[in-house]
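The following exercises concern the environment of one acidic side chain and the packing of one helix. Each task is followed by a solution in steps.

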Amino acid sequence: QVHVHDRHALSCPLVQAFAKSHHGSTLVLLDRHHDGAPTDAGVASFNWVAAAVDGESVSRVIWVPDRTLSRTARESRQEWLHRSLESLDPASADRIARRITIADWDELRTIRLRGSLAVSLDLDLPAAGPREMFMDEIADWLGERRPRLLTVALSAAYQPDAAPAWARLE
């Protein structure tokens with residue numbers, strides 16, 4: 001299944017339904033943002049992953065926020081994720097954080113992915129900067145892995161300067 005939409009929150013019910021019918025599934029999140037904030041006010045593009053992971057449906061998320069991550073960048077993103085979850089009760093925050101692994105692109109390509117695979121690609125990842133080749137690599141990886149579910153969010157509108165991002169996507 002392939003779903004393309006303009007708001008990443010629309011991935012949530014698709015991933016939840018997929019994970020319920022494919023126990024032990026893994027979600028690969030190709031996105032500059034972890035989308036793991038609390039869902040107290042409802043599911044939105046900035047928190048849909050937390051909603052998908054908080055239940056028992058998705059067993060593992062591999063979040064790929066960039067092509068390469070230095071140790072400092074990885075630690076910074078880990079701290080950001082934990083700060084985003086601070087308002088939750090400690091057990092829920094821990095359950096969500098333990099299921100999310102941060103990896104860069106090269107590392108993802110070496111990880112053994114178990115269970116049924118769902119991939120959610122926010123086009124803010126390849127649209128942020130001169131990454132035309134990176135999009136080709138993502139497409140090749142998707143062709144090799146053949147996820148059973150692929151959601152694509154056309155989120156270039158969220159870029160600081162949306163016009164160049166949309167131009168790269170076209």
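**Exercise 1.** Determine which backbone nitrogens lie by the side chain of Asp104, and at what distances.

*Solution.* The backbone nitrogen of Leu69 is 3.2 Å from a polar atom of the Asp104 side chain. For the backbone nitrogen of Glu107, the corresponding distance is 2.9 Å. The model is a predicted one, in which local features need pLDDT of at least 70, side-chain atom pairs count only at pLDDT 80 or more, and totals for chains, interfaces and linings use all residues. Residues are numbered from 1 along each chain as its sequence is written, and side-chain values use heavy atoms, with hydrogens and water left out.

**Exercise 2.** Is Asp104 buried or exposed, and what is the nearest side chain of opposite charge?

*Solution.* Asp104 is buried (under 20% relative accessible area, 1.4 Å probe, protein chains only; exposed is over 50%). Its nearest oppositely charged side chain is Arg74, 4.2 Å away. Asp104 has no salt bridge, a term that requires a side-chain nitrogen of Lys or Arg within 4 Å of a carboxyl oxygen of Asp or Glu.

**Exercise 3.** Locate the buried residues of helix H1 (residues 11–21) and state how they are arranged.

*Solution.* Ser11, Cys12, Val15, Phe18 and Ala19 are buried in H1. Viewed down the helix axis, these residues fall within an arc of 135 degrees (taken from the directions from the axis to the C-beta atoms), so they line one face of H1. On the other side of H1, Lys20 and Ser21 are exposed. The buried residues pack against several elements (contact: heavy atoms within 4.5 Å), including strand E1 (2–5) and helix H2 (48–54).

Methods. Lys, Arg positive; Asp, Glu negative; His and termini not counted. Polar contact = N/O pair within 3.5 Å; in protein donor to acceptor, adjacent residues only side chain to side chain. Helix = DSSP H or I, 4+ residues; strand = E, 2+ residues; numbered from the N terminus.
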